[in-house]
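The exercises that follow ask you to work from the structure shown below, and each task is followed by a solution that goes step by step. Try each task with the structure open before you read its solution.

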Amino acid sequence: MKLRFHWAFLLVAALVPVVGLFVPAARSLGELLRPIFIMAILALGLNILTGFTGILNLGVAAFMALGAYAYAILTCDIYPFQFGFWPAVMLTVLVGLLAGLMLGLPTIRLRGDYLAIVTLGFGEIVQDSLKNMDVITKGTQGINPLPGPTFAGYMFRSETYAPWYYLFLGFLALVVLLNRNLQRSRVGRAWIAIREDELAASCMGVNPMKMKLLAFSLGAAQCSLAGALWASFLGSSGEPGNYDFQVSIIALCIVIVGGMGNIAGVLLGALVVVGCNSLVLETFTNFLKAHELISSTNVYTAPGNWKYMLFGLALILMMRFKPEGLLPSRQVKAELHPHEPPPS
Amino acid sequence: MTGWEVFLQQLIIGLSNGMIIALIALGYTMVYGIIELINFAHGDLFMLGCFAALTVVSLTGDLPVWLVLLLLLVLTPVFCGGLNWLVDRLAYRHLRDATKLAPLVSAIGVSFVFLNLGLFWGGLPLKVFGFGKAAAAPKDFPTLVSNANLLGNSNVEFTTKDLLVLVITVPLMVGLTLFVKQTRAGKAMRAVAQDRLAAQLMGIDANRVIGQTFLLGGGLAGVASVVAALYNNTIYFQMGYRAGMDAFTAAVLGGIGSLPGAVLGGLCIGLARALSDQYIATRWTNVMVFAILILVLVFRPSGLLGAKHREKV
């Protein structure tokens, strides 16, 4: 059997901390991989909507924010709940599921581009509301400190490295497995049928509204899982501004650059996009600053300031030249290039 | 100030801001009307227009005020219109036959590129622009039009700036309506908007007409930039997102694709913002606008003046 890219990715990722015991460089790589795992979970949530079902969602950061705040409220000792990590994460996923359902119910019948704008508006409303309802959410301070996760009596501390790494990798593997099984189930086939042709799908007995709602709530649940994990890692819900439109666009970039509707593509996309954002740009900026090659006042020479330009150009160029992404799913590729013979 | 005077004052502020929003909304609605694209980059085009206006003012600071205003009102719209046309030519034109979400994603990309250009523009190290060192910080736009109250000593202020907004925007909107209704080019635009294929069969160069629409919409955004910069006297590189969302909400509220609808929607959003600032709380105003947007889309997607018959939404 051919080894699929996503399993190979997870396998190699699992070996990074082991190599890190001997090679120090692998350790710093591993530390940079942790946010990539979180973003990959977020992007896989978006992939259910945009990749499988063909619904553009511009507000996934809102679900991530809801996840982070729900987790924070459930665990922080200034609130009465004070759950442990595992029940809190499960409840957070449930909160995400409900939030997706709540947003989806009234809006799901809207046409694609209108729906995209509604999700964008939802993202802004959530962000502003979290900022303004400071009685509950502590405004821009965020809710903190949060207790670390525990696993079989072991307490995660913020300065440790490998336990967090494997925790996130484990969740990512779980999400990948879940999404792969969903994709191959009746539900997944219905989603893809809706993406290809909603009318034809409904004639074949698929209920588009029900399936879209399911995609909405399952996608939202995964996004809030990403938020909960991130909050547990930070030890804080983070401030509302951390979950702005830019995060939603990074998630969209991951899905589009990697390959819409393909789990392996999304993993590759997370590696490329987040890697480019945090690894290449930041490391490059710090390197240049450390060697006094750039002045801190000149806005052009700091590579980090080219971030929007890079993301923007990535979206424009991908749409123009390679809309199926770097690692496309077979169906999407065949649809976008109808005249090429399929690979034998 | 009595309660009524406060209300009246907010009405004036709301109407002036509403006219500016309406000008931007016209650009959204024209482009949407003709190719069904939510031109996400339109707000950031407006932002770049403000920076262009500041550059023009910096370069022509010694000239008399009326000449500077004239130059602003010519150069900025030309810049914005040209840029909008160029983006359509380079990015969107190739996606005419792609899936519907492809141009939207592309427009989001353009918006990010514009945002970055705005940041860089604000950081220009040249002395003549006087932009200062911090690229991301808000820039002061010089007060070319005075803040004098035209109503004498009344508590309610109707300033020269408010008058300027009306004097520039109202004739422009009338002119635009006449252009679309009366001229040959306007007729071609309406034909392409109605049915592109049929229009092409009648000998209309659809791509050229779409390009003209982008040019015109961008030009309106350029005028809006000048007016907004003169009215608010401060610009910053992230202002485009907010302005764009307000204008898009206005276009949807009025009925996207409808020119009078965009103006009506702009006035409504301007008023809603001003009244919400006064009577609810400034920090909830943005939430209000988005709530209006979502409610309109969910309950009346054709908007206030939109066509009754439309594609199933």
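**Exercise 1. Helix α10 of chain B**

Determine how many residues of α10(B) are buried, and what this says about its surroundings.

Solution. In this predicted model, begin with the extent of the helix: α10(B) runs over residues 259-279 and has 21 residues. From its first C-alpha to its last it reaches 30 Å, which is close to the 30 Å expected at 1.5 Å a residue. Next, take the burial of its residues: 15 of the 21 are buried, so α10(B) is largely enclosed by the rest of the structure.

**Exercise 2. Two residues with positive phi**

Find where Gln82(A) and Glu36(B) lie, and decide for each whether it is buried, exposed or partly exposed.

Solution. A general point comes first: most residues other than glycine have a negative phi. Gln82(A) has a positive phi of about 50 degrees although it is not a glycine, and its place is the loop between α3 and α4 of chain A. To classify Gln82(A), count its neighbours: 12 other C-beta atoms lie within 10 Å, and because a residue with 12 or fewer counts as exposed, Gln82(A) is exposed.

Repeat the steps for Glu36(B), where phi is near 55 degrees, again a positive value in a residue other than glycine. Glu36(B) sits in the loop between α1 (3-35) and α2 (42-59) of chain B. With 16 other C-beta atoms within 10 Å, Glu36(B) is partly exposed.

**Exercise 3. Helix crossings**

Describe how α3(A) meets α4(A), how α1(A) meets α2(A) and how α3(B) meets α8(B).

Solution. For α3(A), residues 60-75, and α4(A), the axes come within 9 Å and cross at roughly 140 degrees, which makes α3(A) oblique to α4(A). The crossing of these two helices is right-handed. On the side of α3(A), the residues in contact include Phe63(A), Leu66(A), Tyr71(A) and Leu74(A), while those on the side of α4(A) include Ala88(A), Val89(A), Leu91(A) and Val95(A). Sorted by class, the contact of α3(A) with α4(A) has ten nonpolar, five polar and no charged residues.

For α1(A), residues 5-20, and α2(A), residues 24-53, the axes come within 8 Å and cross at roughly 140 degrees, and the crossing is left-handed. The contact joins Ala13(A), Val16(A), Pro17(A), Val19(A) and Gly20(A) of α1(A) to Ala26(A), Arg27(A), Leu29(A), Gly30(A) and Leu33(A) of α2(A). By class, these residues divide into seven nonpolar, two polar and one charged.

In chain B, the axes of α3(B), residues 65-92, and α8(B) come within 7 Å and cross at roughly 140 degrees. The two helices are therefore oblique to each other, and α3(B) passes α8(B) in a right-handed crossing. The contact of α3(B) with α8(B) has 14 nonpolar, nine polar and two charged residues.

**Exercise 4. Residues placed in their surroundings**

State where Pro149(A), Asn232(B) and Val174(B) lie, and whether each is buried, exposed or partly exposed.

Solution. Pro149(A) is in the loop between α6 (134-137) and β1 (150-151) of chain A, and with 20 C-beta neighbours inside 10 Å it counts as buried. Leaving aside residues up to four places away in sequence, Pro149(A) touches Phe85(A), Phe156(A), Leu167(A) and Ser232(A).

Asn232(B) belongs to helix α8 (residues 206-232) of chain B and is partly exposed, with 14 other C-beta atoms within 10 Å. From C-alpha to C-alpha, Asn232(B) and Asn17(B) are 9.5 Å apart in space, although 215 residues apart in sequence.

Val174(B) is part of helix α5 (residues 160-182) of chain B and, with 10 C-beta neighbours inside 10 Å, counts as exposed. The C-alpha atoms of Val174(B) and Ile204(B) are separated by 25 Å, and these residues are 30 apart along the chain.

**Exercise 5. The contact between the chains**

Work out how many residues each chain gives to the contact, and which element gives the largest share of the side of chain A.

Solution. Chain A contributes 34 residues and chain B contributes 36 residues. On the side of chain A, the elements that give two or more residues are α4 (85-107), α5 (112-132), α11 (245-258) and α13 (307-321). The largest share, twelve residues, comes from α5(A). By class, the side of chain A that touches chain B has 21 nonpolar, eight polar and five charged residues.

Key: Residues are numbered from 1 along each chain as its sequence is written. Chains are lettered from A and ligands numbered from 1 in the order in which they are written. This is a predicted model: local features need pLDDT of at least 70, side-chain atom pairs count only at pLDDT 80 or more; totals for chains, interfaces and linings use all residues. Two residues are in contact if their C-beta atoms, placed from the backbone, lie within 7 Å. Helices (H or I, at least four residues) and strands (E, at least two) are DSSP runs, numbered from the N terminus. Ala, Val, Leu, Ile, Met, Phe, Trp, Tyr, Cys and Pro count as nonpolar, Asp, Glu, Lys and Arg as charged, and the others, Gly among them, as polar. Axes are lines fitted to C-alpha atoms, for helices over the stretch in contact, and angles run from 0 to 180 degrees between N-to-C directions. Angles under 35 degrees count as roughly parallel, over 145 as roughly antiparallel, 65 to 115 as roughly perpendicular and the rest as oblique. A crossing is left-handed if the near helix is turned anticlockwise from the far one by less than a right angle, and right-handed if clockwise. The expected span of a helix is 1.5 Å times one less than its number of residues.
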